[in-house]
Amino acid sequence: MSVAVKLEDVHKSFGAVEVLKGVSFEVAPGEVVAIIGRSGSGKSTALRCINRLEKVQSGVIEVCERQVNDAKLDLRALRQDVGIVFQSYNLFPHLTIAENIMLAPRRVKHITRAAGRALALEKLAQVGLEEKIDAYPEQLSGGQQQRVAIARSLAMSPRVMLFDEVTSALDPHLTGEVLRVMETLAKGGMTMIVVTHEMGFARRAADRVIYMHMGTVWESGSADILTNPQTPELQDFLANEL
């Protein structure tokens, strides 16, 4: 697989409002791409189109050698390959942490309960929360719940992970603990696309940074563009972020 994710001239509208105006970029296997930009620039919409939570009007999206906009796409297979973590944790409050993580693997892959619990423990260890396996979501902090949400996605053994502003609802201390987990995943070779306002994370972990502006890829390059932006728009964005 030479390309994990490819977007080519993607257009997406909501009613009369065109949100993506010909977006194109590629992500190689094992690459970490940070997408930055102002609210309304199309970052989260692009991410949701990759997982086909939104359908595009035109253009091509390929993910793990699948045509995402193919009417015959096997959505279940796509979403086994592509994990996504949102700003909201979306944990089931009536289930324990183990049960939250086991749910999809047991239903989709038909593994036993014992195997599911072992898998949950393994993935919780990855995010530093194995001691919380029998807790309920309400007993965890926001940062811990977000780390559980990451573990839940990892339990499906995805080939690509998408992160949509996963720290924007957290205070700085809790943000740090989630970003450390994501940096560890990045160092382990996970293919990741991260929509984020955390410029420090983008500098440390991203192989490439994409700046989106007005529904387009306005500027992209290595993390060096965060210290040496080439367009006035990115300069202004960074001046307001820092």
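**Reading helix α8 and the chain around it**

Mentor: This is a predicted model. Among contacts in the protein chain between residues at least 6 apart in sequence, 65% join residues at least 24 apart.

Trainee: How many helices and strands does the protein chain have?

Mentor: The secondary structure consists of eight helices and ten strands.

Trainee: How does the radius of gyration compare with that of a compact globule?

Mentor: For 242 residues, a compact globule would have a radius of gyration near 18 Å, and the protein chain agrees, because its value is 18 Å. Along the principal axes, the C-alpha atoms fill a box of roughly 55 × 45 × 35 Å.

Trainee: What share of the residues is buried?

Mentor: Of the 242 residues, 53% count as buried. The protein chain exposes about 11,000 Å², and carbon and sulfur atoms supply 49% of that area.

Trainee: Now to a single helix. Which residues of α8 are buried?

Mentor: In α8, which covers residues 232-241, the buried residues are L234, F237 and L238. Viewed down the helix axis, these buried residues fall within an arc of 95°, so they line one face of α8.

Trainee: Why do residues three or four places apart point the same way in an α-helix?

Mentor: An α-helix has 3.6 residues a turn, so residues at that spacing point the same way.

Trainee: Which residues are exposed on the other side of α8?

Mentor: P232, A239 and N240 are exposed there.

Trainee: What do the buried residues of α8 pack against?

Mentor: Their partners are the strands β3 (32-36), β9 (208-213) and β10 (216-221), along with helix α7 (199-205).

Notes:
Residues numbered from 1 in each chain as written. Predicted model: local features only at pLDDT ≥ 70, side-chain atom pairs only at ≥ 80, totals over all residues. Heavy atoms only, no water. Buried < 20%, exposed > 50% of the residue type's maximum accessible area, 1.4 Å probe, protein only. Helix = DSSP H or I, 4+ residues; strand = E, 2+ residues; numbered from the N terminus. Arc of directions from axis to C-beta. Contact = heavy atoms within 4.5 Å. Rg over C-alpha atoms; globule rule 2.2 N^0.38 Å. Areas by Shrake-Rupley, 256 points an atom, 1.4 Å probe, with all protein chains shown as cover.
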